[in-house]
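Below is a short note for a colleague who is meeting this structure for the first time. The points move from the aromatic side chains to the nonpolar cores.

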Amino acid sequence: MRILYLTQGVTGHDRRMTALLAGAGHQVHYLALDDVPEAPLPDGVRWEAWPERPSTDARTPEGVRALVPALRQVLDRVGPDAVHAGPVPTGGFAAALAGARPRIVMSWGSDVLVDADRGPDWADATRVALTDADGFVFDCQTVLQRAHTFASVPDERVARFPWGTDLARFSPGPSPLRERLTGAREDAFVVLCTRSWEPIYGMDTLVEGFARAWAEEPRMRLVLPGGGSLAAKLDGWIRAAGVEDAVLRPGLVDHAALPDWFRAADLYASCAHSDGSSISMLEAMATGLPVLVTDIAPNREWIEAGRNGWLAPVGDADAVADALLAAARTTDAERAAIGARNRRVVEERADWPRVARPLLALYERMAAGAVAAGAGDR
C-alpha cells in the first residue's frame, strides 16, 4: 500500500513506526505538520514537502485548519491508499477535514487523555478526527475508553499498539557509566528519569520528592538526562531544595546510548501527570529495573504496587519520597527479583515485533477491503 504518514514533527517514535511500515512492504510518504526542515528517515520512507505551506501553529486545532487546503494538494499528489494520521486533535483532525480516505487515526496517549480537555475546540477536533475513522491505533486500554467518549470505533477497526521496545538492545547487564553516576560510592542508589523537562512530566514533584528522600538517604543520586522548556525552572527547584551535589544533568543522550544509562541505575522514576504506555518505562523494565511511576490507569496496566514497582499519586511529593526510600531500602536480591519480573512482563507484552502485529494486521485488512466492509477479527 502507498501510505501517507501525517504526524506532528519528527521523533524517534515516528522513525520506528515508519520503519515498521516500510519494512512490511508498504510505500511510506512522510508529512510533518510542524514547519520543520527535511530530516533523515528510515530506508523506504520518502519525505513530502508542503506546497506553499501557510504560516500557522499546527499544534492547535485552529492552526491545523489553515493547513487543510495544502493537505488536499498533497493528497492529490501522493494518491495514498491510506492515510496514517496523528496526534488525534491535530493530524487526525487535519486528515478528517481534508476528507482523507481510508484514514487510520493514531493516538499518542496524552492527546486524547489531556489535550482533548483543553477547550471546546480541542474536544470538537478529537470528535471529528475519530468519527467514521477507518482505523484507530492506541497504546493502552485507557486511551481507547476515553476515545469512545468522543466516537464509537468498531472493534474490527482498532489496533492496540503499546509501542513496545527492542528487547535485544534494552536488556539487563553491566554498564560502563555506573562509576560516573555514583562517584565511585559503592552504596550509592541511582534514580534515573529520562522524561523531557516539560510541565506534563512533573519534574517539580520528582525533585521535591527526591530532596525529601535524600535528606534521609544521602547516598541517593538523581540522574536527569535530556532537556526541555523547564530547564531554568528545574535549576531553581534543584537549588532551592539544596540537592545540587546529588543531581546529575548530563544533557541530551543519544537514544542508542540509553541502555547503558538504564543499566547504570537502580530505579527508574517518572512523575508524569498523564501517560499512555510509556516507552521509557518499558525500556527501563526491559533492562531489569524496578520503576516508580504515577498512580494513573495506564501505568496500572503494567505496574502492580509492591510487586514490580511503586505507584505514587500525581503531584504528591511526600508519596514520591516514601516510594524512593522504600526502593532504596530494598535489598539487592529484592531489587533483582523485581527487575526479573519486569523483564518477563515486557517479554510477554511489549516485544516490538510482537506488539506490532495488530497494527500490521489492520493494514492487511484494509488492503483487502475488510475494514471498509466491517469484516475481519482483531
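**Notes on the aromatic groups and the cores**

1. In this predicted model, Arg-16 lies over the face of Trp-352, at a distance of 4.1 Å from the centre of the ring. A second arrangement of this kind involves Arg-349, which is placed over the face of Trp-302, at 4.0 Å from the ring centre.

2. Trp-352 also takes part in an aromatic pair with Phe-161, and this pair is edge-to-face, with 5.4 Å from centre to centre and 70 degrees between the planes. The two partners come from distant parts of the chain, since Phe-161 sits in the loop between S7 and H8, while Trp-352 belongs to helix H16 (residues 352–355), 191 residues apart. Both Phe-161 and Trp-352 are buried.

3. The structure holds 8 aromatic pairs, and another one of them is formed by Trp-108 and Trp-163, whose rings are tilted at 45 degrees between the planes and lie 5.2 Å apart, centre to centre. This pair, too, links distant parts of the chain: Trp-108 is found in the loop between strand S5 (103–106) and helix H5 (110–113), and Trp-163 in the loop between strand S7 (158–160) and helix H8 (178–182), 55 residues apart.

4. Are the two tryptophans of this tilted pair buried or partly exposed? Trp-163 counts as buried because its relative accessibility is 4%, under the 20% limit, whereas Trp-108, with a relative accessible area of 23%, is partly exposed. Together, Trp-108, Phe-161, Trp-163 and Trp-352 form one aromatic cluster.

5. Turning to the cores, the largest nonpolar core has 34 residues, of which Leu-224, Leu-292 and Leu-324 touch the most other members. Several elements each supply at least two residues of this core, including strand S8 (189–192), helix H9 (203–216), strand S9 (220–223), helix H10 (231–241) and helix H14 (317–328). Of the contributors, H14 gives the most, with 8 residues. As a general background, nonpolar side chains in soluble globular proteins tend to be buried together.

6. Leu-224 merits a separate look: leaving aside neighbours within four places in sequence, Leu-224 is in contact with Cys-193, Trp-197, Met-203, Leu-206, Leu-234, Val-247, Leu-248, Arg-249 and Pro-250. Apart from the largest core lies another core, of 28 residues, with Met-17, Leu-41, Ala-82 and Met-106 among them.

How values were computed: Residues numbered from 1 in each chain as written. Predicted model: local features only at pLDDT ≥ 70, side-chain atom pairs only at ≥ 80, totals over all residues. Heavy atoms only, no water. Core = buried A, V, L, I, M, F, W, Y, C linked by side-chain atoms within 4.5 Å. Buried < 20%, exposed > 50% of the residue type's maximum accessible area, 1.4 Å probe, protein only. Helix = DSSP H or I, 4+ residues; strand = E, 2+ residues; numbered from the N terminus. Contact = heavy atoms within 4.5 Å. Phe/Tyr/Trp six-rings, centres within 6.5 Å; stacked < 30°, edge-to-face > 60°. Lys NZ or Arg CZ within 6 Å of the ring centre and 35° of its normal.
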